[in-house]
Structures are given as C-alpha cells and as structure tokens.
Amino acid sequence: MALVICPQRQSVLDAIGPVLVTGGPGSGKTTIALAKAQRLIAVGLPPGQTVLFLSFSRAAVARVVEASKAQLPKASQSKLSIQTFHSFFWEILKAYGYLLGAPRRLRLLLPHDETAMRHQFESEGGNWATERERLFRKEGLVAFDLFSTKAHALLAASARLRSLFSCRHPMIVVDEAQDTADDQWQCVRLLSENTQLVCLADLDQQIYDFRPGVSSERITHIMEALQPLRVDLQGQNHRSPNSEIVTFANDMLLGTPRGAAYQGVSRMNFRANADRRDAAIRSAVGIAIQKAKAAATPNDVENLALLATWGRGVNIISRALNGDGTNKSIPHRVMIDEASVLLSSRMVAFLLEPRPAESAELTDLADALDLAAAVFRARGGNGNLSQAQRLAISATQSRAGTAPRANGVAAKLLDALRTLRVHNFSGEPKRDWIEARRILREAGANPLESIANDAEQLVAFQRGRRIASSLTDLWQSQGNYCNARTALDAALAEDQLLSGGNDLHGIQVMTVHKSKGKEFDAVIIFDDPNSSPLIFCPEDAPHPRCRRLLRVGITRARHHVLMLTDMYRPSELMTGHRL
Ligand SMILES: Nc1ncnc2c1ncn2[C@@H]1O[C@H](COP(=O)(O)OP(=O)(O)OP(=O)(O)O)[C@@H](O)[C@H]1O
C-alpha cells in the first residue's frame with residue numbers, strides 16, 4: 001500500500017527535535033516512525049551507528065520487524081536495530097555492570113528460574129528484593145526485573161556512557177511509550193540529551209499498568225521533560241479502513257453499545273459442553289477466514305489469531321484445534337511462556353543426559369526430584385508449593401542415601417531413571433526428546449505426568465529448531481546428550497531476549513496480552529466464563545481495565561473480528577451488543 005503523507009506526518013518527518021506521536025490502534029504510528037528512521041538512514045549513517053527502535057514486549061518487536069521488512073529497502077534494514085528494552089539494557093549491563101559493583105562476568109537469571117527461586121525464598125519468609133540484589137552483586141546473576149533499574153543507575157551516573165550510547169543511536173524510537181515503567185522512561189530521557197527521541201503512544205492501549213512503575217501520567221512526563229512536537233493521529237485508521245472494527249472496539253471501551261451490527265464484526269455462540277465448544281472453536285476458524293477473505297482486497301488472508309484472556313483458554317483452544325483423533329488437526333502455533341513449561345522442559349533435558357553409575361543412582365534421583373520441585377514452585381499456589389516441598393524433602397532424603405518409599409513419586413521416578421540408564425537414544429533429538437518425555441509421562445505418578453504434559457507445550461514456543469540444533473551438536477561431538485540442560489538453557493536464554501522474527505503466518509493462539517502490537521487478517525476473541533473470561537481480573541463496573549484489554553484484542557484485526565461467546569453465559573461486556 002502506498003504511504004499517505006499528510007501535513008501532520010510531514011511535520012513528523014521534518015522535525016529535528018523530540019517528537020511524540022499519539023494515535024489509536026492502526027492509526028499509523030509505527031509506520032510514520034519507520035519512515036522517519038528511513039529518512040535518517042538514507043542520508044547515510046556512519047558504521048557502528050543505527051536507529052534504535054525500542055519496545056517493551058517481544059510481541060511488538062516481532063511486529064515491527066515484519067513491518068520494517070515490508071517498508072524499508074533491504075540495505076536500510078541493517079541500520080535499524082529493533083530491540084526490547086530488556087535486550088538493550090542487557091547490552092549495557094553486560095559491558096558496564098561491573099561499574100555498579102557486580103562481578104565482570106554477568107549471567108542471566110531467566111524469568112522461570114527466578115519465579116521458582118522467589119516462590120521458595122518468600123515461602124521461607126525472605127525478602128526477594130534484597131536477595132535479588134545480593135545475587136547481582138555477589139554472583140553476577142541478573143534478574144530481568146533488575147535490567148532497567150541497573151541500566152538507569154549506570155546512565156544516570158556516567159555522562160560518558162550516555163554520550164557513547166547516544167552517539168551509537170542518533171535516533172531512538174520508543175514504541176508504546178505509555179507503557180514504559182519509570183526506569184525505562186528515565187533511561188531514554190537521559191539519552192535524549194544527545195539523541196532524537198520519537199515516542200509513540202496510545203493511552204487507551206495501556207494494558208500493562210499493573211506493573212510497578214507504569215504510570216498513566218507518562219504522556220504528561222514526556223510532554224514536560226521533552227517539550228516535543230506532538231502529533232495526534234487519533235481518529236485515523238489505516239489497519240481496517242473499510243470496516244467498523246475500531247468503532248466496535250471503542251464502543252466496547254466506553255461501554256456504549258450501538259445495539260446494531262458493525263461491519264467486519266460477527267458473533268458466534270457455543271454451548272458450554274466440551275465437545276460442542278471445541279466443535280465451535282474449530283468452525284469459528286473457517287467462518288472467520290471466509291469473512292476476512294470476503295472483506296479483503298485482494299482476497300487473500302495470511303493469518304488469523306485466536307485470543308483468550310487467560311492461559312487456560314489458550315490451552316482449551318489449542319486442544320480443540322488439535323482435534324480428538326476423529327477429526328483432522330488444524331495446524332496452529334501457540335504463544336505462551338510459562339515458567340513451569342520451561343522448567344518442565346529442563347527436566348526432560350535432564351532425562352536425556354547420560355545417567356551416572358548405578359552406585360550414584362540416589363544422587364541422580366535427588367537431582368531429578370529437585371528439578372521436579374522447581375516446576376511446582378514455579379506454578380505457585382498452595383497446593384503446588386506443598387507438592388514442591390514434598391519433592392524437595394524426598395530429594396534431601398535421597399541425597400542422604402535413603403531409598404524412596406515404595407510406590408511413592410520418588411520411587412516411580414527412580415524406576416524411570418533406571419529405564420533411561422539402559423535406554424539407547426537414537427541421536428535424533430526430536431525423537432529422543434519425545435521418548436524421554438514419554439518415559440516420564442508413563443512413570444505412573446500424577447506429578448510426573450503433569451510435568452511431561454507441560455513440557456509438551458514447549459513445541460508451542462517455536463524454539464524447537466534452535467533446541468534441536470544444539471542437541472544435535474552435543475550428540476555429534478560426544479555421542480550422547482551430556483549437558484543437555486545447559487544447551488536447552490542457552491537456546492531459551494537467547495530466545496527470551498531476542499526472538500525478533502517470530503513468524504506470524506497461519507493460525508496463532510495466544511493471550512490478548514501477547515497479541516499487543518501485532519496485526520492479523522482475522523481475530524477470534526474467545527469469551528468463555530471458565531477459561532477466558534472477558535472480565536479477566538477483579539475490578540468494579542464498568543471494568544475499565546478489562547475493556548481496554550478487549551479493545552487491544554479487537555483492534556488487532558485487519559478485516560474481521562469474531563466474538564466466540566458462551567451461549568448461556570455471555571460476558572457482561574457483551575450486554576447491549578447485537579452483532
Ligand atoms: N500513512 C499511511 N499510508 C498508508 N498506509 C498506512 C499509513 N500508515 C499506516 N498504514 C497501514 O496501516 C496499518 C497500521 O499501521 P501501524 O501499524 O503503523 O499503526 P499503529 O498506530 O502503530 O498501530 P498499533 O498501535 O495498533 O500497533 C499498517 O498495515 C500500515 O501499513
């Protein structure tokens with residue numbers, strides 16, 4: 001589509017000082033920022049300099065990477081550095097963190113590991129903030145949540161660092177600036193002394209305001225600190241110009257249903273019984289694709305998203321699409337990242353590793369029990385924490401040389417380890433992974449089965465290829481999977497930070513939070529009171545936070561939105577709508 005450059009957009013392109021572009025979903029904020037970056041790049045940036053495009057979520061990074069590929073000439077793309085705040089701050093910390101008293105070599109404390117450690121630490125009455133700081137200073141272990149605080153401390157203290165990074169990035173675009181937390185905002189403000197800052201924002205899309213340091217006053221802070229050129233693209237809609245999707249979304253936001261149909265929006269009801277519900281999910285996909293095709297010119301449809309408010313809803317949708325064996329599975333990708341899935345996968349990686357001698361089998365069992373305990377710790381909640389504790393106690397006993405009680409979880413796990421000791425893996429990572437997982441699932445203990453089930457979802461992370469290739473390397477160099485856990489961690493660590501080019505084609509299933517900043521030809525919003533309630537958090541009517549989230553989900557659609565709603569218990573937010 002040819003870029004429309006109106007006088008407002010021209011003023012953004014021409015500005016040499018700070019700029020704040022505000023506007024609703026699809027109004028063209030990202031597009032004009034990329035056009036401005038391209039202008040600067042085209043003039044010629046010296047080697048080592050890039051335009052930095054910062055977003056706080058990996059979802060948004062993926063979308064901007066895709067947009068930049070479509071909009072910028074190939075030669076310019078390498079001059080654009082699209083990163084999450086996390087990955088940018090990690091870069092700063094890795095190089096200069098020692099100036100804050102940490103060891104020279106820093107390591108990441110991955111979020112799923114942190115979750116597990118924190119649950120344990122807090123259940124023993126410890127203060128996690130203090131412990132996190134100690135881990136940073138003494139062990140060089142950096143939790144994700146410390147990134148921005150530490151980067152801020154460094155930039156605030158050193159004018160030389162500020163000038164170094166400003167020089168490296170003569171322009172910084174801050175995407176979704178309304179959602180920046182205090183330290184993130186302070187970092188870019190400090191860099192703005194010598195860098196052109198372009199902030200993009202839409203207050204009505206603020207859905208992360210539950211995080212500490214995120215403020216609804218952010219736009220005011222930006223205005224006061226930078227006195228930028230402010231351009232408001234508010235009413236424009238380039239994403240779904242021929243539909244009333246944005247009108248519907250705004251009516252949802254404001255609680256002003258028009259009581260009549262909206263072009264580009266439909267509703268389908270399902271009966272709560274699991275079979276009927278699953279059948280409805282499957283047929284909703286076909287219907288939404290048809291409707292999006294009919295609305296698109298040319299009428300090809302590349303992708304569709306099924307959105308739920310909770311992870312549980314994502315699982316239900318995914319299971320429905322996989323089918324029950326009597327119907328064909330509908331290929332799709334799930335985007336989730338739950339600590340327990342990652343830790344369960346680490347358990348499977350452990351099972352792939354060569355087993356020590358029989359004389360050391362109780363130590364081996366103790367390690368396995370500790371890994372299993374970490375999974376339950378990460379899940380949180382009283383039941384899981386007690387399970388974690390039981391497993392940890394078994395681990396201690398086992399490490400002390402006590403054989404497990406017959407028929408208990410530890411005994412079953414020991415049997416599985418014995419099976420694995422004599423098992424010959426094939427050297428084909430995918431097959432071997434599935435095999436190790438099967439042995440765990442069939443060990444005969446519910447907690448182990450649930451770990452195997454969680455690990456299954458790793459496939460949904462699309463990290464399979466990277467993990468498989470590191471496992472292949474291990475096999476090729478040593479003929480076994482010794483250090484499989486380290487290889488898995490390395491593959492995941494990279495992904496937690498980078499994961500730039502997520503492929504957004506085909507059918508995608510995710511939470512609405514994850515969909516932020518993305519765009520799809522068709523969107524299905526799953527309104528299921530049990531697993532994906534539109535009123536997803538406790539909040540008084542008129543439920544402003546829930547409405548904001550719903551608006552974000554709805555406005556991801558280019559051509560069609562289908563509300564898939566429980567026939568007898570539709571969400572209160574649907575009241576008054578006749579779709
Ligand atoms: N000036 C323009 N001329 C033509 N098409 C445009 C223009 N601006 C944006 N578009 C198209 O409109 C769609 C949405 O634009 P964009 O992603 O920039 O919006 P946004 O404001 O960043 O949205 P969101 O806040 O929801 O992420 C894209 O497909 C883009 O190609």
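The exercises below, each with a worked solution, concern a helix, a ligand and two single residues in a predicted model.

Residues are numbered from 1 along each chain as its sequence is written, and side-chain values use heavy atoms, with hydrogens and water left out. Because the model is predicted, local features need pLDDT of at least 70 and side-chain atom pairs count only at pLDDT 80 or more, whereas totals for chains, interfaces and linings use all residues.

**Exercise 1.** Find which residues of helix H11 are buried, and work out where around the axis they lie.

*Solution.* Start with the element itself: H11 spans residues 218–226, where helices (H or I, at least four residues) and strands (E, at least two) are DSSP runs, numbered from the N terminus. Its buried residues are Arg218, Ile219, Ile222 and Leu226, buried meaning under 20% relative accessible area with a 1.4 Å probe and protein chains only. These residues cover an arc of only 105° around the axis, which puts them on the same side of H11; the arc is that of the directions from the helix axis to the C-beta atoms. In general, an α-helix has 3.6 residues a turn, so residues three or four places apart point the same way. Next, look at the cover, which includes strand S1 (19–22), helix H10 (182–191), strand S7 (196–201) and strand S8 (229–232). Finally, just after H11, Gln227 takes a positive phi of about 45°.

**Exercise 2.** Describe the surroundings of the ligand.

*Solution.* Count the shell: 19 residues surround the ligand, each with a heavy atom within 4 Å of it, and the closest are Lys29, Thr30, Thr31, Arg63 and Arg239. The largest share of this shell, 3 residues, comes from helix H2 (residues 29–43). Then examine single atom pairs: a polar side-chain atom of Arg239 lies 2.9 Å from an oxygen atom of the ligand, while for Arg556 a polar side-chain atom lies 3.2 Å from a ligand oxygen atom. Taken alone, the ligand exposes 630 Å², of which the protein buries 88%, with areas from the Shrake-Rupley method and a 1.4 Å probe.

**Exercise 3.** Determine whether Pro429 and Ser166 are buried or exposed, and list their contacts.

*Solution.* Pro429, in helix H19 (residues 429–441), is buried, with a relative accessible area of 11%. Not counting residues up to four places away in sequence, Pro429 touches Ala468, Leu471, Thr472 and Tyr481, contact meaning heavy atoms within 4.5 Å. Ser166, in helix H9 (residues 159–168), is likewise buried, at 4%, and, leaving aside neighbours within four places in sequence, is in contact with Leu191, Asn194 and Thr195.

Conventions
Buried means under 20% relative accessible area, exposed over 50%, partly exposed in between (1.4 Å probe, protein chains only). A polar contact is a pair of N or O atoms within 3.5 Å; within protein, one must be able to donate a hydrogen and the other to accept it, and residues adjacent in sequence count only if both atoms are side-chain atoms.
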